[in-house]
Amino acid sequence: MTRAHDLETCAMISVVIPSFRARDTIGRALESVRGQTREDWEIVIVEDGEADGTRGIVTAFAATIAQPTVYVPLGGHRGTSVARNAALDHCRGEIVAFLDADDEWAPTHLSTMAACLEDGHALAVSAVEIWDAVAGRRVAVHGMRADWLTAPRDALFVDSIIYTSSCVAAPRVTIDRVGRFDPAMPVGQDRDYWFRAVAGGGTIGFTRACTARHYRHGANSTRDPQSVLASICRFHEKHRDADGVSHGARRRALAKVLASRLVLGRREGAQCS
């Protein structure tokens with residue numbers, strides 16, 4: 001079994017990529033994995049939807065590298081949780097790094113994530129460059145606040161503090177302990193997984209390096225407010241009796257839900273007037 005302090009140098013990393021209608025972006029994501037300064041990785045791609053040409057792109061890419069590439073077709077659109085779970089079933093690495101099919105990494109991403117996990121964190125998180133795909137420019141950088149790192153269980157109970165799964169990696173011990181993503185949560189499944197990952201005193205390590213780029217475009221820039229609110233309520237219903245959450249965090253979470261409902265009600269009222 002690989003010890004925590006061996007993760008930086010000798011652990012193979014499984015790169016998990018769920019793919020849904022990603023023909024136009026999957027090549028960019030794959031090339032960013034090829035460009036990593038670390039070479040001990042494998043890629044597991046699960047196509048969540050009808051074939052759109054992604055398989056051919058993956059097959060052509062796999063023929064040009066020495067590292068293993070696994071392609072798993074689901075045969076229909078079953079959701080991100082199911083796709084990630086199918087990928088986890090094929091992972092062999094001591095570290096699992098998540099990458100969305102329309103995002104990409106800087107060359108040092110995997111090396112800095114592995115180094116961060118040396119300290120025994122339940123999760124490693126990098127900073128994220130948020131990129132406007134239409135305008136072709138950076139619009140923001142998202143990192144991790146010190147108070148979030150001090151009390152990650154509280155922070156995740158109140159809000160979805162990790163911007164995208166593309167900036168997250170976990171050691172095998174975390175994956176084995178937490179299990180799989182919840183298919184009953186079509187929205188907010190990432191937050192649910194990270195929350196479970198830091199149960200029992202688990203910590204989040206922040207690399208402070210901006211090595212992930214998230215592309216904001218028409219498919220992911222806006223979400224139905226009703227669906228978002230429903231996912232928040234589903235999350236709190238699921239974890240209402242969770243251990244390790246302070247009374248203060250519970251109060252802040254309730255206030256946030258009530259405020260969201262008020263804003264949504266005002267929007268719906270304005271649309272009807």
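## Two helices, then the core

Let's start with a pair of helices: helix 9 and helix 10 are roughly parallel to each other (that label goes to angles under 35 degrees, with over 145 called roughly antiparallel, 65 to 115 roughly perpendicular and the rest oblique). The angle between them is about 25 degrees, and their axes lie 10 Å apart. Each axis is a line fitted to C-alpha atoms, for helices over the stretch in contact, and the angle runs from 0 to 180 degrees between N-to-C directions. Helix 10 covers residues 225-238, and helix 9 covers residues 189-197. By helix and strand we mean DSSP runs, numbered from the N terminus: H or I over at least four residues for a helix, E over at least two for a strand.

Before going on, keep in mind that you're looking at a predicted model, in which local features need pLDDT of at least 70 and side-chain atom pairs count only at pLDDT 80 or more, while totals for chains, interfaces and linings use all residues. Residues are numbered from 1 along each chain as its sequence is written, and side-chain values use heavy atoms, with hydrogens and water left out.

Back to our two helices. Helix 9 passes helix 10 in a right-handed crossing (the near helix is turned clockwise from the far one by less than a right angle; anticlockwise would be left-handed). R191, D192, F195 and R196 of helix 9 meet I232, F235, H236 and K238 of helix 10, where contact means heavy atoms within 4.5 Å.

Now look for another helix pair. Helix 2 (residues 26-34) packs against helix 3 (residues 54-62) at about 20 degrees, with 10 Å between the axes. That angle makes helix 2 roughly parallel to helix 3. On the helix 2 side, the contact uses I26, G27, L30, E31 and R34, and on the helix 3 side T54, I57, V58 and F61. Here, too, the crossing is right-handed.

What about a helix with plenty around it? Helix 4 (residues 80-88) has eight of its nine residues buried, meaning under 20% relative accessible area (over 50% is exposed and in between is partly exposed, using a 1.4 Å probe and protein chains only). Among the buried ones are S81, R84 and L88. The cover comes from elements including strand 1 (13-19), strand 2 (41-47), strand 4, helix 8 (172-178) and helix 9.

Strand 4 is a good way into the sheet. This strand (residues 95-98) runs antiparallel to strand 8, and three bridges join them; strands count as paired if DSSP finds at least two bridges between them. V96 sits opposite A170 of strand 8. Strand 8 also has an antiparallel partner in strand 6 (residues 123-132), through two bridges, with V125 facing V168. Is strand 8 (residues 168-171) covered on one face or both? Both: V168 and A170 are buried on one side, A169 and P171 on the other.

Strand 6 keeps going: five bridges tie it to strand 7 (residues 137-142), again antiparallel. One of the matched pairs is I130 with A140. In the hairpin between these strands, which has four residues in the turn, G136 takes a positive phi near 70 degrees.

Next, zoom in on F98, which lies in strand 4. F98 counts as buried because its relative accessibility is 0%. Setting aside neighbours within four places in sequence, the contacts of F98 include R84, S165, V168 and W194. S165, in the loop between helix 7 (152-158) and strand 8, is buried as well, at 1% relative accessible area. Beyond four places in sequence, S165 touches R84, F98, D100, D190 and W194.

W194 turns up again in the largest nonpolar core. In soluble globular proteins, nonpolar side chains tend to be buried together. A core here is a set of buried Ala, Val, Leu, Ile, Met, Phe, Trp, Tyr and Cys residues joined through side-chain atoms within 4.5 Å. This one has 74 residues, and V15, I17, I43, I162 and W194 touch the most other members. Strand 6 gives the most to this core, with six residues. Beyond four places in sequence, I162 touches V125, M144, C167, V168, W194 and I204.

Finally, visit the outside. R21 has a positive phi of about 50 degrees, though not a glycine, and sits in the loop between strand 1 and helix 2. R21 is exposed, at 71% relative accessible area. R208, in strand 9 (residues 204-216), also has a positive phi, near 70 degrees, and is exposed at 64%.
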